[in-house]
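Here are a few exercises to work through with the model open beside you. Try each task before you read its solution.

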Amino acid sequence: MIDLVQRRTFGYFWEGAHPVSGLALDRCGLSPDPTNDRVGIGGCGFAIMAMLAAAERGWIKRDEAIERLTAMLAFLVRTPCYHGLFPHYLNGRTGATMPFGRKDDGSDLVESAYLFQGLLCARQYFDRDMAAEKNLRDQITWIWRDAEWNWHTRDGRHVLTWHWSPNNGWSADAEIRGWNECLIAYVLAAASPTYPIDPDVYHKGWAQSRAFDNRRRYYDIELPLGPDYGGPLFFSQYSFCGLDPRGLKDRYADYWRQNVQHTLINYEHCARNPHGHKGYGPSCWGLTASDDPAGYAAHAPDNDNGVISPTAALSSFPYAPEQAMRALRYFYEGVGERIWGRFGFTDAFCEGKNWYAKTYLAIDQGPIVSMIENYRTGLLWKLFMSDPDVRIGLKRLSFESPHLA
């Protein structure tokens with residue numbers, strides 16, 4: 001059953017990719033839509049990791065994965081970039097930037113980080129002495145070395161800024177401070193061989209906010225970092241599709257413990273069901289950002305409107321395998337006829353309102369494939385943590401990890 005769900009979900013990034021560029025559509029429906037050209041850059045990073053898992057499992061041939069990735073890279077290098085970084089959305093047919101908001105029409109540092117997380121995994125995976133694989137590695141290295149991470153410190157500030165626009169400059173003014181889904185941006189910014197940030201940017205920016213340290217207990221479980229109740233579960237998933245939290249520590253936290261505790265708090269909230277939502281229980285849990293009846297929301301124990309997102313539990317397999325497996329069976333056997341489709345489980349459902357999403361989102365489908373693979377084999381963790389630049393970045397930020405021994 002795990003194999004079925006993982007493989008069907010991978011289809012979102014293979015059969016469901018944009019027909020021109022091969023990049024990951026930001027979202028799609030139960031039926032194909034030939035007019036849908038919106039590609040999500042972060043989703044493309046998750047797509048790459050999903051392809052590596054698929055190639056390793058034999059769902060696609062290694063040569064097929066190389067051909068698709070080569071085409072994706074050829075398209076990306078022709079698109080507008082912003083100091084070597086990418087926008088949140090682009091047109092998969094023309095390559096043009098598609099604004100995320102009125103002032104967000106340039107680089108998105110966090111979405112770019114998710115893309116590079118996947119690219120660096122691919123650089124490690126395709127390691128054979130063959131022309132096609134060498135060319136792929138060279139293309140990834142060229143794009144990686146071209147990204148100006150330190151530009152986003154805004155003239156030497158001790159914090160990274162999320163967005164920059166050629167039309168609006170820094171007016172979006174969103175500083176990236178923790179704890180949330182953005183740890184990977186700081187690790188990669190420190191890992192850059194050409195435009196690295198100073199470690200003080202991490203320690204004085206990311207780790208200095210009122211929502212960083214927690215140390216309080218929720219449902220009798222201590223939470224080391226983050227907002228009350230931990231926030232949506234993508235906090236413990238997006239950055240950790242590549243970053244291996246097992247034994248990963250710095251002066252602030254043990255990140256395996258952080259992610260396990262966060263997951264268990266989320267699980268306990270749904271199992272105890274203090275708001276009495278229909279369907280909730282030990283077999284039906286998982287709150288994270290997803291579609292919902294009102295549009296889109298970051299669901300969490302302190303923002304719980306009765307919407308369950310399958311990606312939340314399924315991407316938690318490394319942290320809570322028994323609870324995740326129980327949820328998988330319920331999603332498939334209990335509500336499957338209403339949420340199971342061409343690319344696996346749709347984005348979310350709310351039994352209390354008899355609402356079942358008819359959509360798939362790249363940033364929700366991708367972690368299902370990657371985190372299940374990490375649970376099964378640790379493949380993507382091994383690849384990302386073996387990258388020489390990543391190791392340098394982690395050491396610069398004073399992380400400890402068995403991979404750095």
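**Exercise 1: a pair in one helix**

Glu-268 counts as partly exposed, at 23% relative accessibility (buried means under 20% relative accessible area, exposed over 50%, partly exposed in between, with a 1.4 Å probe and protein chains only). The model is predicted, so local features need pLDDT of at least 70 and side-chain atom pairs pLDDT 80 or more, while totals for chains, interfaces and linings use all residues. Residues are numbered from 1 along each chain as its sequence is written, and side-chain values use heavy atoms, leaving out hydrogens and water.

Task: find which residue forms a salt bridge with Glu-268.

Step 1. A salt bridge needs a side-chain nitrogen of Lys or Arg within 4 Å of a carboxyl oxygen of Asp or Glu.
Step 2. Arg-272 fits, its closest N and O atoms being 3.0 Å apart from those of Glu-268.
Step 3. The two residues are four apart in helix α8 (residues 255–272), which means about one helical turn between them. Helices are DSSP runs of H or I with at least four residues, strands are runs of E with at least two, and both are numbered from the N terminus.
Step 4. Arg-272 is partly exposed too, with a relative accessible area of 45%.

**Exercise 2: pairs across the chain**

Task: for the salt bridge of Arg-38 and Asp-26, work out which parts of the chain it links.

Step 1. The side chains meet at 3.0 Å, N to O.
Step 2. Arg-38 is in strand β2 (residues 38–40) and Asp-26 in the loop between α1 and β1 (27–29), 12 residues apart.
Step 3. Arg-38 is partly exposed at 29%, whereas Asp-26 is buried at 10%.

Now try Asp-173 and Arg-154: how many residues apart are they?

Step 1. Their salt bridge is 2.8 Å, N to O.
Step 2. They are 19 residues apart: Asp-173 lies in the loop between β6 (163–164) and α6 (183–191), and Arg-154 in the loop between α5 (131–146) and β6.
Step 3. Asp-173 is partly exposed at 46%, while Arg-154 is buried at 14%.

**Exercise 3: the whole set**

Task: say how many salt bridges a search of the whole structure finds, and name a network.

Step 1. The search finds 20 salt bridges.
Step 2. Arg-62, Asp-127 and Glu-133 are linked in a network of them.
Step 3. As background, side chains of opposite charge can pair when their charged atoms come close.
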